[in-house]
Amino acid sequence: MLRFTGCCHFRQRLLLSTLSGKAIRIDDIRAQDQSPGLRDYEASLLRLMEKLTNGCLVEINETGTSLRYRPGIIICGSGLVHDCGSSRSIGYFLEVLVLLALFAKRPLSITLRGITNDHVDPSIDTWRTVSLPLLRRAAGLDEAAAGSLELKVVRRGARPGGGGEVQLRVPLVRALPLVSMSDEGMVKRVRGIAYSMRVPPQNANRMVDAARGVLNQLLADVYIFTDAAAGPAAGNSPGYGITLVAETTSGCLISAEAAATTGSKDAAGSAAGDEPLVVAEDIGRAAAQLLLDEVARGGVTDGTHQGLLLLLAALGPEEMNQVRLGPLTPYAVHTLRHIRDFLNVQFSMRTEQQSGTIFLSCIGAGLKNINRKVT
Amino acid sequence: MAGKSHVKKKAGRKATKKKAKDVKKKVLGAGSSIGGGEAAAVSGLKGMSGGGGSDKKAPKQAKKAGDPGANPRAFAFQSAVKAKAYQARSAEKEQRRLHAPMSERAGGEPPPLLVLVHGPPQVGKTSLIKGLVKHYTKQNLNDPRGPITLVTGKKRRITLLECPPDLPGMMDAAKVADLVLLMIDGSFGLEMETFEFLNLLQVHGFPKVMGVLTHLDGFKEPSRLKKAKKALKARFWTEVYDGAKLFYLSGMQHGKYLKREVLNLARFISVTKTRPLTWRLGHPYLIADRFEDVTPAEPLRLNPKADRELLLYGYLRGAPLRQGARLHLAGVGDFDLQEVDALPDPCPLPGQDPGVPGGAAAAAGGSGSGSGTAAAAATPRRRTLSDKERLIHAPMSDLGGMLFDRDAVYIDLPDWKVQYTSAAGAAAAAADPAAAAAAAAAAAAAGGILQEGEAMVRQLQGTKLAVDEKLSRSKIRLFSAGSSLQGSHELHSEDDEEEEDDEELHSEDEEEDEDEEESDSEDEQQQQQRGGRAVNGGRGAGEFLDYEAVQQDGRLRRRAMFGSSNNAAAAAASAADFEGSSDEEDAQQQWGDGQLQVHSGGDSEDGYEDDREDAEEALGSAAAWKAGIQERVASLFATRGADLAGFIYNTRATSDPQGLGFDAVQQQQQQDGDEEDEEEDDEDFFTLKVPGGKAAAAAAAISSGGRQQQQQQQEGPAAVLLQSADTFDSSRPSAAAAAAASVFGSSSSSALPQGPGFSLLDLDARWSGPDAVQGLRNRFVTGDWDAAAARAKALPGEGSEEDEEVEEGDVFGDFEDVEAGLTFAGGDAITAAAQKAIQDATAEELRAKKLAKRAAWDAGFAQGGGAAAAAAAAAVDRGVDPAAAAGGSDDEDDGAEDGEEGAAGRPKNPNRRAEAEGESFYDAQKREMAARAAATAAALSQLDPKTRLALAGHAAGSYVRIRLTGVPCELVAHWEPHRPLLVGGLGQGEQRMGVTRLRFKRHRWYPKTLKTRDPLVLSVGWRRFQSIPVYALEDHNRRLRALKYTPQHCHCLAAVYGPLAPPNTGVVAIQASAAGPCPPASWRIAATAVVLEQEAELRIVKKLKLVGTPLKVHKHSAFVGGMFNSQLEASRFEGASVQTVSGIRGTVKKALRAGVQGVPDGGVRVTFEDKPLLSDIVFLRAWVAVDIPQLHNTMTNLLAPAVAPANTAGVSRKGHIKQQQDGEEAAAVESSSKAAAAAAAAVAAAAVAAGGADFVPAAAFAGGRPGFVFKKGGQGLGYYKDLNPKGLNPPAAAAAAAAGLNPSLNPAADGDDAAAAAAAGKPAGWVGMRTVAELRREAGIGAPRNNDSLYKPIERAPRVFNPLKVPAKLQAALPFKTKPKVEAPRKRKTLEQKRAVVLDKDEKKAATLLQQLNAIRNAKAEKRHQQSARRREAHAKKVAKETEWRDKHNKEERKQRHVAAGKAAKRAAMASEGGGGKFAAMAAKKQRRQERQ
């Protein structure tokens, strides 16, 4: 049994524990906090895990500061529904869900309800346009199977009311193929989605203009779609934001996003930085500048997806998996440590001096889908 | 016609072949007669280095390559039929070749081929092993025990292993064998063991199998021998495959097999290839060839049964073994791998450097192969192995009295060789050698003859103090003039380290002198330190009698130090080892020691050591340890190369509350010269500058061309910040940063790091300037493509050292390129720039060349296959146009345009091209796999050894030492070398418990049906465990329906709780009793299965039928009672559907309260589709889940004493058992036989008491009766005699059961244990859960029975019907039609009966006339009848004559008659002669023929 302390990276611990079959124990979860113990979204995640697996054991002490988790067998299946609540967005849950479902007994088809876009977690648009293509590439899903890994946005939902709904389908894999991504390429085009819910649709256009204003200095091929949701498809709360994706000549996708931070009053993130982000132009410009940040960071993917890519490499075959990343985010560093603890896989890191990028390579754990039934 | 010509042709071909062979022989013969060099000249080769194969192949290849000879048409097909046949054959061959390709890891030296010698007892396994050892190494092994590794060729090693006779041992052996020598007693025939073992092999992956037939000298007549051989071969072929190799060992001479035959066998062993088996490729495993108990003495003293700490040694096989893996010891249990390190190969191949641990040599092949070639260049190459190279590694066999440890050699001195000076000591030695040693030491010391060191050692022998006390008291004088030092731990270890450092700097000359002197003192300390550590060669008996002397089997062992040159290193290494440090630094250091330490000699022969030393002296300064020292030193310092990895990995995330090694990292940061990039990274994740800022910094750095020095952060707030960020848990860096900022937003903003954060102002500030944005220009397609290409191509350098050095150049000024031997004076920008330019230029040149070469290869391959490609590539090397070299082709140069699809599209292209070329998909796949494996190996070889080890683990083929803790003491107590210890690595998810779903089939040779919930021992993966299966069948709607017994001749499903195994794993099931020491005579393998699925739980159901009766019926509804027991129970079934016997369906509506409408408790209201009758019966049909017992029991047979199989117990114990033990054994056998006799007497007495009968009638079961079973049999219900007592003596067994079901795991005395067990009638060895039947039998209880369920004959009384009486009144009233017509019998005659008849005259006359006429007619008819009968008779005669004649000529008839006659004659002949039926039949035939003629 692996022992951890503290609440950090709860998702990853659960995910890796389930994938590797090692039981964990986490102590001192927000023991010093004013409201100690697990948060509601973490409890929701645990419930989701119970939904997806068979025979898992979750023991939580009275105050919720200590957790014992013995993973079960990943089942998944279709026709599942999960309410993600309104404290974290759906993107928080997707990170666990997608990787888990690749190694399940049956293909996953689930409806998730909650917040689709916010300024905290990767939004649904990022998932649809960047994460899933990355997964398709890394999981070796060819054209025929690529369709079975899809995310359909039924309704958008913003903080704090939520009310969004997405449908996720994930196919099964036998094992992951070799991950070898070391060519970042040059940015050849930028695409994006500017969305708005329950606000005048001009907001979207204003964000687009502002973003183009920054990006057109470097590139002409910038096209940003606008999605002004209205009626039942717009969820319960007003909100707007923009997601930008830079596509490089080598097929890498680098994304950045920004969203209005009004309606949120909870602890997760009241105000970003010093002042709330409400003016549409500011949001558009911030997103574009964040995209420039990400491009400057370098690597085959952006900071948001570093952890995911590293996980995919570590779960890959027992060959030399290699990725090139920009400076590692804290999340990625923790991912590396957890990979070491759970999968017994270590990365070799070599820094390329001129660009400041890091070449990370590992011999994968060679994880196979052993949950599948043979006939 | 065609057949004939075919034969003719074949003959012709054979003849030509023969001729060719003759020619070749002549050439070779000439060569050998003249001498090596000239032979080479004759065959037109440069040298003889390539071995025999090359000169044979050369002409063949020449023929194949193109030159078709004088007449090309001679080899074309003449007939279409033949061409078709040929095509079909080649197609079949092609198809046979196909299997799912498996990637084999490209490693260095493969592990030795594991050759398993299997056979029933007394078949000659040990003799064969001895013979093979003798053949390969020219050494006599008296008692081969444990795995024996031999060098058999220049590229080949084998490990010989004898298969133990018991079933668990066979299971383990079947899982690891690469080649099985299946020994069969030819004089006896095939035995069950052979078939059982073949079955095990089939399930666990079928390796290569060769049969060996022994005891053929038992045949007197050659014809019978021939016949037996033929029969055995036929049977063997059906079992294995047609054409499987079967050897005949015709007999023994002087107790050995014939040399020639062993040689033949050895040749076949040496050419065997292994098959890739999925399980073995996916899991690391090793067979321990050494076993050492290194438990500290103190805990053992306190508790002799404390868990032990073990060291296991062996060649690693299968997948690489990573640090921190979990292992399974077959027959013991699961353990965490505490420590694994590669040791020098004890049995290296010739030309392989033994000094480099296998793990390091494996992937790189760098230093190892380099030194190998150097050595090879120094000595002339030979075809055969020299005697020095014929190594043998058999640590358990005590070969030549030497035993090798990691850092020492133990020389075994038998008692008679030890000569003590004092007579008293010698006398005492006879009584107690340990005490004698002390006494002798004391005596010698008193004499004052001994030197100081020796005296100290002698002194140590006598002491009884603990290690640390001893250490603190012991004194040592380093210099003759100096004062003596008091030893202590810390001081000592420091000394060691210093010395080790020194040693690296020493020149070898100095070393030789100094180390000789130092070694003594070093030695003593070492011994002192290692005092408590018992080193066990064979048994590992783990007794701690004295410090340096290990008492074992009455022998005294002493340790000698290793080779002269590196004593200090070895000592240091062992010191580091002993420190037992668990922290990482020490582990690293230890690892380094392992690197530095040089292995001197893998042979355990006495004389070999001297030879080796001589050789070293002869080599002079080029001693072996210096080979590749530069690489090793580099690797020692390579820790600096992995700094980033160090930051990330150095501390475990679990060890500190934040999940971050914050302090450690900070410290390291202080220590290391803060390199720019790493510092940036640090800040990124430790100080939590907002990540946008980081990127901006990078951007700024790029744009300005310089580097920004970031401010040093304060530790406190940063840590808090970080924690808060962790609390937040989002993968979006900006969000995490924002959240962190928000947490500390207004209150502690002063503590926030200064610098750009995620705020609009900051972002704007960063990106508003035109320069900032334009700085990123080259990352966009609108920018400079060359710059982008250069960025894309930039690699961190070949080795991590290189760019480290570049960095150091930046930071420290000067640096020296160790490899190139150049010194650069850095510091000023111009020099650096120049250097960089030069480097870039050379790199660019190299890259261009590489690209061109690659393009040329691709093009060449597309055109003319591998050879052309190679030629083209070579041409590029020389600088020629590749197109011209490849045959003047024009190809588009795809090496030049590498912008978009260059890198991404390239890996796929060759594939497609190859497929288009006609290469099959299979070949393409295989090639791609090989390429990927090679790429991985190449990438690994670029890493420094430490990183490589962390990444890939120890490769297969390396000799490793594994440390395990918490091993039960019974393993050590009952350890026997002839029980192989299999250590298997557990794969993904194999530690989890759950329910496995198996496709299960009872073995068709197993005599019994298997019952559900009877425990079975399953062998799955590495594991063997006992569990309780539940059998089931899947219905059409996927419902799993429970079965009580396994079905006949078909598969079923079995649900088994236990450790999970991946799907498609093979499973063998046996009964626990079959694994025991006295197995049944019949087939032992109960069933085979395969894992289909792993599940947390499995729902298996059985039918449930509840019956009730209507109590009250209304229109369509009724109250039904008798179905449930209570209202509560009934309420669970509301809504369930029911049915009456007459077929009316209904639904349970409501459970009724007791007493409502007079319904008893448990009644329900049911509505039906029609009105039911009160007499109907109502059924409720349902399915109830059968629970799968959540129980499993690892088969820990290695924790129980080993027991000889029953059939050899009394016959001959193998030589290694001591005399005393023999005595014990004999006593045990005797006592057991006595017990058996007593038990038999008891049974007899019981029988007599019961009336001397086999059957005692009893109407009901009245308690158990020993030796009897209560059942209903042929004589009715009662007690029958138990005809098949399993436990041999039920009273004793019952007593044993009463005493305690568990077998005693008493480590104190195994022999006694076995004897005691035998005496008690309890089977020694592992005893598992017993089946219910076994338990009942032991207790003398029959199966429980319900008297209602017994079958009895149905007695039905004949039904009697009363006569129907219709009242007279009614009769009278009835109409005639319905009136009864049957009259009562009359008592008086009727009037007609009574009346007399009188004829008158006329009537009389007429009657007379009629009578006369009738008489005449009758006479006539009679006459006619007689006449016709006569005629018929005549005709019949005539016809019969005719048919007789006809039958005689009827062919069919004739044939049948002859057949019948022949059969009769044969029978008669057989009856008369008894044996020679065939001859008799022939004689009869002859006789018949003669008759016919």
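**Close-up views of chains A and B**

In this predicted model, chain B has an accessible surface of about 80800 Å², and carbon and sulfur atoms account for 55% of that area.

**Figure 1. Meet chain B, a chain of 1493 residues.** Following the backbone, you will come across 51 helices and 44 strands. Buried residues make up 42% of chain B. Take the contacts between residues at least 6 apart in sequence: 71% of them join residues at least 24 apart.

**Figure 2. Chain A has 375 residues, and 68% of them are buried.** Here the count is nine helices and 18 strands. The accessible surface of chain A comes to about 11200 Å², with 48% of it belonging to carbon and sulfur atoms. Among contacts in chain A with a separation of 6 or more, 74% are between residues 24 or more positions apart.

**Figure 3. The largest nonpolar core brings together 89 residues.** Which residues touch the most other members of this core? They are A:Leu94, A:Leu108, A:Phe347, A:Met349 and A:Leu360. Helix H3 of chain A, running through residues 90-102, gives the most to the core, with 11 residues. Domain 1 (1-73) and domain 3 (304-363) of chain A both give residues as well, so the core lies between them.

**Figure 4. A closer look at A:Leu108 and the residues around this side chain shows who touches whom.** Leaving aside residues up to four places away in sequence, A:Leu108 touches A:Leu52, A:Cys76, A:Gly77, A:Leu80 and A:Leu97, among others. The list also includes A:Ala101, A:Leu168, A:Arg169 and A:Val170. As you explore this view, recall that A:Leu108 is one of the residues that touch the most other members of the largest nonpolar core.

**Figure 5. A second, separate core has 67 residues.** Among them you can find B:Leu167, B:Ala173, B:Leu182 and B:Leu982.

**Figure 6. Four residues of chain B make a nonpolar patch on the surface.** The patch covers about 410 Å² and is made by B:Leu1409, B:Leu1410, B:Leu1413 and B:Ile1416. To get your bearings, look for B:Leu1410 in helix H49 of chain B, which spans residues 1401-1449. Is B:Leu1410 buried or exposed? B:Leu1410 counts as exposed because its relative accessible area is 55%, and exposed means over 50%.

Notes: Residues numbered from 1 in each chain as written. Chains lettered and ligands numbered in written order. Predicted model: local features only at pLDDT ≥ 70, side-chain atom pairs only at ≥ 80, totals over all residues. Heavy atoms only, no water. Helix = DSSP H or I, 4+ residues; strand = E, 2+ residues; numbered from the N terminus. Buried < 20%, exposed > 50% of the residue type's maximum accessible area, 1.4 Å probe, protein only. Contact = heavy atoms within 4.5 Å. Areas by Shrake-Rupley, 256 points an atom, 1.4 Å probe, with all protein chains shown as cover. Core = buried A, V, L, I, M, F, W, Y, C linked by side-chain atoms within 4.5 Å. Domains from an automatic or database assignment. Patch = residues over 30% accessible without salt bridge, like charges linked within 9 Å, V, L, I, M, F, W, Y side chains within 5 Å. Salt bridge = Lys/Arg side-chain N within 4 Å of Asp/Glu carboxyl O.
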